[in-house]
Amino acid sequence: MLGICYYPEHWPESMWAQDAAEMYGLGIRYVRIAEFAWSRLEPSPGQYRFDWLDRAISTLADAGLKVVMCTPTATPPKWLIDLYPSILPVDIKTGHSRGFGSRRHYDFSSPDYFREAMRISTVLAERYGEHPAVVGWQTDNELACHDTTHSGSEAALTAFRAWCQQHYSDIDALNSAWGNVFWSMEYRHFGEIELPILAVTETNPAHQLAYRRFSSDQVVHFHDEMVRIIRAHAPGRFVTHNFIPMVDTQTDNYALAKPLDFASFDNYPLGRSDLFFAKRGAAMFKPYMRTGHPDFSSYYFDQTRGLTGKHFWIMEQQPGPVNWAKHNPRPEPGMVRLWSWVSFAHGADVVSYFRWRQAPFAQEQMHAGLKRIDNSKAAAWPEIEQLVREMALCPDLLEQQVKATVAMVSTTENQWVCEIERQGDSFNQQEVEFAWYSALRQLGVDVDFVSPEQDLTGYKLVLVPCMPVVRPEFVKRCQDSGALLVFGPRTGSKTTEFQLVPQLAPGLLQALVPVKVLSVETIRPDCAEPLFIGQKQYQSQCWREELEVPQSCQVLAHYHDGLPAAAQHQRAVYVATVSCDDFLKALFADLLKQACVETVVLPHDVRLARRGGLTFLFNYSAKPSKVAAPANAQWLLGSATLDGYGVAIYR
Amino acid sequence: MLGICYYPEHWPESMWAQDAAEMYGLGIRYVRIAEFAWSRLEPSPGQYRFDWLDRAISTLADAGLKVVMCTPTATPPKWLIDLYPSILPVDIKTGHSRGFGSRRHYDFSSPDYFREAMRISTVLAERYGEHPAVVGWQTDNELACHDTTHSGSEAALTAFRAWCQQHYSDIDALNSAWGNVFWSMEYRHFGEIELPILAVTETNPAHQLAYRRFSSDQVVHFHDEMVRIIRAHAPGRFVTHNFIPMVDTQTDNYALAKPLDFASFDNYPLGRSDLFFAKRGAAMFKPYMRTGHPDFSSYYFDQTRGLTGKHFWIMEQQPGPVNWAKHNPRPEPGMVRLWSWVSFAHGADVVSYFRWRQAPFAQEQMHAGLKRIDNSKAAAWPEIEQLVREMALCPDLLEQQVKATVAMVSTTENQWVCEIERQGDSFNQQEVEFAWYSALRQLGVDVDFVSPEQDLTGYKLVLVPCMPVVRPEFVKRCQDSGALLVFGPRTGSKTTEFQLVPQLAPGLLQALVPVKVLSVETIRPDCAEPLFIGQKQYQSQCWREELEVPQSCQVLAHYHDGLPAAAQHQRAVYVATVSCDDFLKALFADLLKQACVETVVLPHDVRLARRGGLTFLFNYSAKPSKVAAPANAQWLLGSATLDGYGVAIYR
Amino acid sequence: MLGICYYPEHWPESMWAQDAAEMYGLGIRYVRIAEFAWSRLEPSPGQYRFDWLDRAISTLADAGLKVVMCTPTATPPKWLIDLYPSILPVDIKTGHSRGFGSRRHYDFSSPDYFREAMRISTVLAERYGEHPAVVGWQTDNELACHDTTHSGSEAALTAFRAWCQQHYSDIDALNSAWGNVFWSMEYRHFGEIELPILAVTETNPAHQLAYRRFSSDQVVHFHDEMVRIIRAHAPGRFVTHNFIPMVDTQTDNYALAKPLDFASFDNYPLGRSDLFFAKRGAAMFKPYMRTGHPDFSSYYFDQTRGLTGKHFWIMEQQPGPVNWAKHNPRPEPGMVRLWSWVSFAHGADVVSYFRWRQAPFAQEQMHAGLKRIDNSKAAAWPEIEQLVREMALCPDLLEQQVKATVAMVSTTENQWVCEIERQGDSFNQQEVEFAWYSALRQLGVDVDFVSPEQDLTGYKLVLVPCMPVVRPEFVKRCQDSGALLVFGPRTGSKTTEFQLVPQLAPGLLQALVPVKVLSVETIRPDCAEPLFIGQKQYQSQCWREELEVPQSCQVLAHYHDGLPAAAQHQRAVYVATVSCDDFLKALFADLLKQACVETVVLPHDVRLARRGGLTFLFNYSAKPSKVAAPANAQWLLGSATLDGYGVAIYR
Ligand SMILES: [Zn+2]
Ligand SMILES: [Zn+2]
Ligand SMILES: [Zn+2]
């Protein structure tokens with residue numbers, strides 16, 4: 001199914017009906033509205049204006065469209081800020097208040113904002129909760145975007161002290177857990193605790209981790225209450241939230257998604273690619289500047305699906321150039337169609353485009369829409385027409401379930417650990433995880449992202465690229481899974497309170513693979529060194545651990561000095577270094593074979609994904625490409641010879 | 001004529017008479033004084049000390065020198081700041097007060113400073129306005145230098161709210177003009193308006209543009225009043241201001257120059273080159289590191305002349321290494337003479353050197369003067385002696401008028417639009433404009449910079465490199481001009497209120513060249529792509545617009561994918577991309593021919609300029625160069641064979 | 001002798017006895033304790049807890065170990081900050097208070113902190129001053145680390161005004177000395193003076209220099225009083241301080257070291273190398289990434305020895321990877337032993353490792369120790385065992401005195417001048433000085449660092465790489481020394497009040513080498529130019545002075561344009577440019593011969609050092625190397641054929 005993001009308040013009411021008719025005509029069935037409309041819904045304190053929204057919804061419903069309603073809490077109006085200035089968040093890098101004039105100018109710890117946000121949510125839920133045209137709700141918008149999870153406000157300090165009291169009860173327990181003795185950082189009572197910001201030099205990493213957990217809890221608490229309010233007034237309607245990339249929320253995304261019916265994702269492959277690959281040279285970047293890296297969108301799709309273990313929505317899909325990256329190229333012709341198909345292949349139930357018509361004013365006027373500001377049809381329009389025709393060829397698409405046999409384990413908590421303690425400037429947990437994911441995808445393997453609290457039974461291969469904090473229950477789940485297990489650098493190295501594990505890394509995982517990390521070094525990115533599997537040479541880079549490997553283990557790879565770089569014990573593998581991509585591809589090919597997971601030889605820039613009985617092929621290159629498909633493949637779309645930027649589907 | 005910047009207060013009074021005699025002996029006729037002398041003129045509140053200045057002026061006058069007096073308002077003394085601390089400006093990037101201890105520590109919106117600055121200006125104008133030795137006045141010094149146009153102070157906020165009220169009258173009109181509905185940014189009354197700074201993420205570009213216009217108006221208002229005061233007390237004296245590069249004032253430079261008799265420019269080719277070309281590699285930079293780029297000084301000269309449409313002064317001319325760029329090379333031997341001649345060729349009436357003698361103390365002690373601190377003659381001295389001898393060979397020099405047939409249209413307003421909305425980090429309006437200018441200059445063409453509010457009649461070719469905001473009157477002027485017109489990327493794309501034009505870019509200009517910009521993309525600087533004129537290949541880079549070109553237009557260039565990159569309709573051309581320099585040179589060569597503007601084949605690093613009947617040749621290279629001059633050329637200086645760093649003049 | 005840094009408060013008391021026994025068993029004799037233990041010694045205001053420290057000292061003493069006690073003033077506890085919030089320093093770049101949560105969160109100008117720091121020092125000195133196991137004291141810890149010398153606080157402002165009053169007496173004298181007339185920066189009384197921070201643009205360099213002198217005096221004053229207190233209560237015990245690299249203290253290190261018995265240094269070759277060579281390419285950096293540059297540690301050792309003219313301690317020696325550099329590689333096998341031997345060769349009496357056992361918690365948990373957190377022995381352990389065995393082969397090692405015939409003159413004051421006035425972004429005084437030092441060391445020459453206030457008699461060659469401020473007494477000392485003298489760029493160019501010397505640079509040194517610096521230019525690092533000694537070509541870079549050289553001088557080198565770049569007059573040489581390393585090596589080889597200082601032809605990466613009758617050879621490469629040693633060499637360790645990372649000693 002397809003959807004659209006629409007802002008009736010941006011356009012003359014006289015245009016609404018034709019817009020709605022054209023949406024329906026294009027094949028769109030869902031319309032998301034009202035996410036930034038607080039100043040129109042409550043122009044002055046307590047003075048509500050619902051008439052225009054009532055009419056907008058009616059107009060859409062009359063055209064056969066279903067409405068996804070939003071709480072407008074991402075943009076509190078000026079009068080609210082002036083009434084309660086402490087709503088504004090405080091920048092943790094400077095200690096300055098972050099002012100009104102854009103969006104997300106609120107502090108999750110502000111009691112005033114919590115009350116007011118829930119008030120407007122309640123008012124809207126009461127009015128539209130049972131509206132027949134409103135089939136679901138989106139909470140807020142892109143929670144945590146623009147680095148708004150953390151605040152250095154007085155409100156945050158007060159709440160953090162209370163959080164610490166609740167979590168540690170006793171100040172001596174906190175001092176001991178954090179190792180505050182180290183630099184006489186000991187507190188005598190909870191009221192002495194500071195936020196771990198703006199100190200002379202780096203603060204205690206355990207203090208920082210507690211602050212990140214607290215900040216995440218504040219977001220989740222805010223969001224939980226909002227979902228509770230919607231559910232109380234909107235029976236039978238779904239509730240979702242449109243996530244930004246998981247790495248940017250600074251929140252426990254599993255916890256955030258917990259009360260939702262399903263998760264949604266805002267997918268901007270080109271903008272995100274520009275930022276993610278900013279340090280990479282043109283040789284790597286340029287081939288994908290108008291397509292996105294072949295594994296980049298699906299990386300986020302598989303993560304989003306993993307949040308609830310269910311299919312998901314693309315709530316916002318890039319339809320052309322955007323405005324917010326450092327450079328904003330146009331998608332290659334066909335990419336909007338291709339990206340949409342990739343979404344469906346990885347488990348989307350709805351792809352909703354952002355936005356209907358490009359806005360002629362304000363911050364995003366250079367962000368493309370399906371229609372241009374002169375109301376002409378933009379480049380994405382015929383691609384969506386084509387997509388709708390093609391979707392009709394796969395009538396059972398949405399009934400198909402994605403079901404991977406390879407799982408990747410990842411949590412925000414461990415991202416925090418790696419961010420707080422880089423140890424080497426070139427170590428980036430996200431890049432390591434993406435490299436592992438991409439190596440698997442190049443081998444034609446489908447991947448689930450799972451939480452360490454999730455049952456692992458049924459997976460043949462479980463990979464944990466970088467997870468310093470490992471709990472006993474997770475070790476148990478690994479053991480019980482029967483899967484072949486692969487642990488990457490840093491995994492198992494830290495306690496839950498950001499201390500080194502007493503038995504040396506990988507700590508509790510030594511029950512599975514009894515190696516010991518004797519020391520860790522980090523290396524300048526331009527000083528990589530050889531890494532070997534047998535005689536074949538690859539590169540070790542950035543992060544290298546010195547391993548003690550007992551006789552019972554088999555050494556899978558070694559460093560330039562002959563010392564072990566990866567080792568296997570029975571069904572568990574430990575990889576002790578960050579490496580080049582080719583190393584991962586070679587290593588994983590072997591391990592997938594061990595795990596009896598089928599791999600597929602794919603042409604460069606072609607990717608394969610399976611949703612139930614359907615297999616999808618995607619060509620990210622302008623050049624046609626020939627794929628070796630099964631002889632009995634029943635082609636629903638295309639063929640084994642993929643066009644440039646082509647899509648093919650077979651059963 | 002030649003001038004000098006002199007600070008009698010820096011030297012023992014016993015040195016003044018000999019300094020004055022030597023100035024006169026060297027050929028200097030104008031002396032600028034008193035620009036930073038407030039603490040000596042009013043050491044304590046209301047206690048004036050004019051005796052020393054009276055004596056200094058007398059000494060200079062006795063030696064035959066004419067005095068240019070300054071208002072000392074760029075450096076308010078400490079006691080004034082302590083009396084009125086709110087004089088200090090506030091940094092818009094941090095919200096911090098910018099303190100005393102250097103210069104320009106005042107807020108254009110401070111009512112206290114406005115009053116005090118006009119008081120000291122009045123006092124000086126009353127005392128020296130009719131002094132026979134004082135022939136003219138310089139207002140303040142380098143207004144806006146050190147990013148002082150914008151302030152985030154309470155005073156600025158108060159004044160901005162009043163400015164908004166005056167300009168929009170009605171708050172709904174403002175909300176609508178800015179599109180404040182976009183993120184619930186709507187205001188209920190003018191007192192709710194904030195400065196567009198220090199927000200969570202980017203603020204509304206229309207809000208930013210209004211703030212820039214307001215800030216510019218504050219500078220102009222301050223300056224207008226100062227000029228008014230001087231004129232009231234100094235009948236018959238000229239009033240000028242020494243501009244920094246136009247791009248750095250953040251002020252409407254045409255408006256600022258309006259009350260002046262003529263504009264002046266402070267010319268530091270090496271310091272400015274070091275900053276402007278900082279990102280360029282040594283291959284491009286090194287040949288010019290001691291000469292400045294051959295088009296770099298004249299670019300500013302032509303702009304300065306354009307401010308009032310009259311000849312101008314160089315109020316400060318670099319005489320050797322300066323102290324304030326990131327790297328400060330020494331000029332090649334002969335460059336001080338060459339730069340001086342370039343100034344005259346482009347319309348200077350006076351070239352005044354900064355400064356007489358290098359200061360041994362304070363911030364600029366590493367800034368060269370004509371004399372060293374041991375009172376010996378520095379490297380520039382003999383070059384100026386030579387210049388004086390050479391000027392005698394062109395007795396009618398100052399009677400000659402610069403008269404170009406090619407015009408370039410540019411405004412600060414459009415610089416603001418491009419700065420506020422980069423869209424691509426590598427898009428720099430100034431670099432685009434400079435590239436267009438340089439291409440013309442390499443073809444031996446003289447260029448006028450003109451305001452879009454100026455009559456264009458008489459020009460054969462009018463170029464508008466990048467002017468998003470186009471008003472109907474300008475389109476009319478273009479039509480009436482009869483000139484061949486060339487519009488660059490972004491031109492015509494925005495309304496006056498920073499909205500996209502409803503008919504798509506180039507908006508109103510479609511009356512001249514009926515193309516449509518369907519989409520815009522920006523590209524990493526290392527990902528340039530081919531661009532073609534016919535079969536000849538160039539480079540498209542950074543900024544690319546997708547053009548719809550009707551049959552009535554001729555396509556002049558196309559992209560790598562065959563789509564049009566430049567198109568002509570009758571007498572108007574639209575160029576849709578930023579390009580390499582060679583593309584511009586090739587395109588402009590064709591268009592100049594169409595426009596019947598004569599081009600000249602010049603050796604690399606040689607430039608030609610015309611002032612009335614005089615033609616000047618300049619060689620920016622160390623190697624001699626042979627120019628094809630007319631057979632009947634009457635050589636006033638040099639010959640068709642230019643020495644290294646040589647100058648030649650013929651009639 | 002060997003020592004160790006130990007934190008009994010970090011470990012269960014039950015581990016102490018075994019730790020002590022193992023220390024002694026390894027060959028360690030000194031244990032430094034208590035440097036960060038304030039919160040354990042005084043958990044609440046006035047409530048002291050000495051029992052645990054008493055027991056820790058007893059345990060160590062019982063094992064035969066000697067204790068070095070510290071004042072814990074680098075880490076004031078939270079309750080003290082809450083009692084006196086103005087203890088916190090203020091960041092001079094932002095004006096923000098620098099908060100609690102790490103270390104060194106105190107302002108040297110805070111009267112409250114001064115009183116409290118001296119109180120706790122007195123309490124500790126009274127209790128442990130005559131303790132038989134406590135043989136010496138370390139003051140505070142790494143004074144000035146984390147940029148804490150400068151503060152922008154109210155307390156600093158008040159103290160600075162008083163300091164100015166004391167140093168200049170008369171405000172007119174100050175205005176004149178600083179050249180405040182320049183931009184109307186004149187003060188009417190000392191109460192008007194500001195700190196030279198947070199101004200609109202750069203502040204007066206003389207003002208900045210005064211502020212740096214003041215800040216240094218504050219540190220010295222703080223430290224002097226602490227030493228006085230310890231001496232008053234600890235008769236017969238030594239007092240030392242553990243210096244960070246001299247360049248980072250922003251303090252007059254000679255003054256700081258003056259009251260000490262000897263100076264100590266904290267030696268982290270890899271961490272420091274990573275930062276110092278961050279801008280250098282992998283070709284230069286990678287060979288040394290696990291060894292440190294061959295001259296890098298000794299550069300600091302020779303400086304540390306120079307502070308008091310006596311032998312020194314390494315108070316903290318890196319034993320493995322650290323945590324605080326941008327990248328943190330592991331030392332090559334053998335480097336801990338090699339670095340230790342280098343310390344002894346350059347005059348260390350004790351090398352003390354940081355730290356006994358890696359801490360599992362808090363900020364430095366990734367910093368290696370001699371033992372891992374599982375109490376196993378880390379990589380350095382066997383190397384120290386080897387070192388202890390080898391030291392037994394040199395029983396008279398500590399009786400040997402380092403005695404160089406080449407001296408290098410350097411002061412913090414001149415570092416300040418060069419930092420305040422870069423003139424070119426690529427000019428770095430420290431890099432120039434290191435390049436000169438390294439060239440000498442590559443020639444096998446031992447170097448003393450000396451203060452310009454020190455007698456130079458006995459030195460054959462005295463080098464002054466970059467010392468703008470030269471006083472008459474220093475010129476006298478140079479003349480009296482009889483040494484061959486070499487002065488580098490900028491030397492002699494400034495007065496003590498940061499004005500240009502009236503006679504042009506090198507000012508007073510013209511009595512020795514009568515050249516004149518006519519102008520100075522700075523050049524982009526990628527725009528270096530040829531530099532010649534005779535026909536042999538080298539590179540001039542970054543900083544070039546134009547020299548007037550009288551006939552009486554011999555030109556030693558010239559620029560690409562033939563102008564002189566270095567000149568000699570009798571026994572004094574002036575070098576006018578920064579150059580490539582090869583130029584220095586060639587020039588110094590000639591000058592050393594003139595000075596009758598023996599040079600040694602050393603293989604690349606091999607260094608030689610002499611301590612009294614002992615000669616040490618160090619191989620910084622993995623490859624064995626053969627050195628030409630005297631035929632009658634009596635080898636105490638190794639031989640003329642050095643192993644990879646090998647050490648050899650002969651008498
Ligand atoms: Zn309710
Ligand atoms: Zn008057
Ligand atoms: Zn006492």
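**Exercise 1. Relating the copies**

What rotation, and what shift along its axis, superposes chain B on chain C? Then treat chain A in the same way.

*Solution.* The model is predicted.

Step 1. Chain B goes onto chain C by a rotation of 120 degrees, with 0.0 Å of shift along the axis. The RMSD is 0.0 Å.

Step 2. Look for the C-alpha of chain B nearest this axis. It belongs to T94(B), at 4.9 Å.

Step 3. Check which surfaces are used. Of the contact residues of chain B, 2% recur in chain C, and the copies use different surfaces.

Step 4. Turn to chain A. A rotation of 120 degrees with 0.0 Å of shift superposes chain A on chain C, with an RMSD of 0.0 Å. The two copies are thus related as by a three-fold rotation axis. In chain A, T94(A) has the C-alpha nearest the axis, 4.9 Å from it.

Step 5. Compare the interface residues. Only 2% of those in chain A are also interface residues in chain C, so these copies meet through different surfaces.

**Exercise 2. Annotated spans of chain A**

Which spans of chain A does UniProt annotate as domains, among them "Beta-galactosidase trimerisation"? Give the secondary structure and the end-to-end distance of each span.

*Solution.* The annotations below come from an unreviewed UniProt entry.

Step 1. Place the spans.

- "Glycoside hydrolase family 42 N-terminal" is listed by UniProt for residues 5-392 of chain A.
- "Beta-galactosidase trimerisation" is listed for residues 404-597 of chain A.
- "Beta-galactosidase C-terminal" covers residues 605-651 of chain A in the UniProt record.

Step 2. Read off the secondary structure and the distance between end C-alpha atoms.

| Residues of chain A | Helix | Strand | End C-alpha atoms apart |
|---|---|---|---|
| 5-392 | 42% | 10% | 23 Å |
| 404-597 | 24% | 31% | 10 Å |
| 605-651 | 0% | 49% | 22 Å |

**Exercise 3. Two helices in chain A**

At what angle do α6 and α7 of chain A pack, and how far apart are their axes? Then classify the contact.

*Solution.*

Step 1. Helix α6 spans residues 154-168 and helix α7 spans residues 171-178 of chain A. They pack at about 90 degrees, with axes 9 Å apart.

Step 2. Angles of 65 to 115 degrees count as roughly perpendicular. Therefore α6(A) and α7(A) are roughly perpendicular to each other.

Step 3. List the partners. From α6(A) come F160(A), C164(A) and Y168(A). From α7(A) come A173(A), L174(A), A177(A) and W178(A).

Step 4. Sort the residues by class. The contact of α6(A) with α7(A) has seven nonpolar, no polar and no charged residues.

**Exercise 4. Helix α8 of chain C and two partners**

Which residues of α6(C) and α8(C) meet? Repeat the analysis for α8(C) with α16(C).

*Solution.*

Step 1. Start with α6(C), residues 154-168. It packs with α8(C) at about 105 degrees, with axes 10 Å apart. The two helices are therefore roughly perpendicular.

Step 2. Name the residues. On α6(C) they are A156(C), A159(C), F160(C), W163(C), H167(C) and Y168(C). On α8(C) they are H207(C), A210(C), Y211(C), R213(C), F214(C), D217(C) and Q218(C).

Step 3. Class the residues. The contact of α6(C) with α8(C) has eight nonpolar, three polar and two charged.

Step 4. Move to α16(C), residues 412-420. Helix α8(C), residues 205-233, packs with α16(C) at about 140 degrees, with axes 10 Å apart. That makes α8(C) oblique to α16(C). Their crossing is right-handed.

Step 5. Name this second contact. Helix α8(C) supplies P205(C), Q208(C), L209(C), R212(C), R213(C) and S216(C). Helix α16(C) supplies E413(C), W416(C), V417(C), E419(C) and I420(C).

Step 6. Class these too. The contact of α8(C) with α16(C) has five nonpolar, two polar and four charged residues.

**Exercise 5. Backbone geometry**

Where in chain A does R355(A) lie? Describe the peptide bond before it, then examine L504(A).

*Solution.*

Step 1. R355(A) is in the loop between β9 (348-353) and α15 (380-391) of chain A. The peptide bond from F354(A) to R355(A) is cis, with omega near 5 degrees.

Step 2. Check chain C. The bond from F354(C) to R355(C) is cis, with omega near 5 degrees. R355(C) sits in the loop between β9 (348-353) and α15 (380-391) of chain C.

Step 3. Examine L504(A). It lies in the loop between β13 (484-487) and β14 (516-522) of chain A. L504(A) is not a glycine, yet its phi is positive, about 70 degrees.

Terms used. Residues are numbered from 1 along each chain as its sequence is written. Chains are lettered from A and ligands numbered from 1 in the order in which they are written. This is a predicted model: local features need pLDDT of at least 70, side-chain atom pairs count only at pLDDT 80 or more; totals for chains, interfaces and linings use all residues. Side-chain values use heavy atoms; hydrogens and water are left out. Axes are lines fitted to C-alpha atoms, for helices over the stretch in contact, and angles run from 0 to 180 degrees between N-to-C directions. Helices (H or I, at least four residues) and strands (E, at least two) are DSSP runs, numbered from the N terminus. Angles under 35 degrees count as roughly parallel, over 145 as roughly antiparallel, 65 to 115 as roughly perpendicular and the rest as oblique. A crossing is left-handed if the near helix is turned anticlockwise from the far one by less than a right angle, and right-handed if clockwise. Contact means heavy atoms within 4.5 Å. Ala, Val, Leu, Ile, Met, Phe, Trp, Tyr, Cys and Pro count as nonpolar, Asp, Glu, Lys and Arg as charged, and the others, Gly among them, as polar. UniProt positions are given in the numbering used here, feature names are shortened, and annotations may be inferred rather than shown by experiment. Copies are superposed by least squares on the C-alpha atoms of residues with pLDDT of at least 70 in both.
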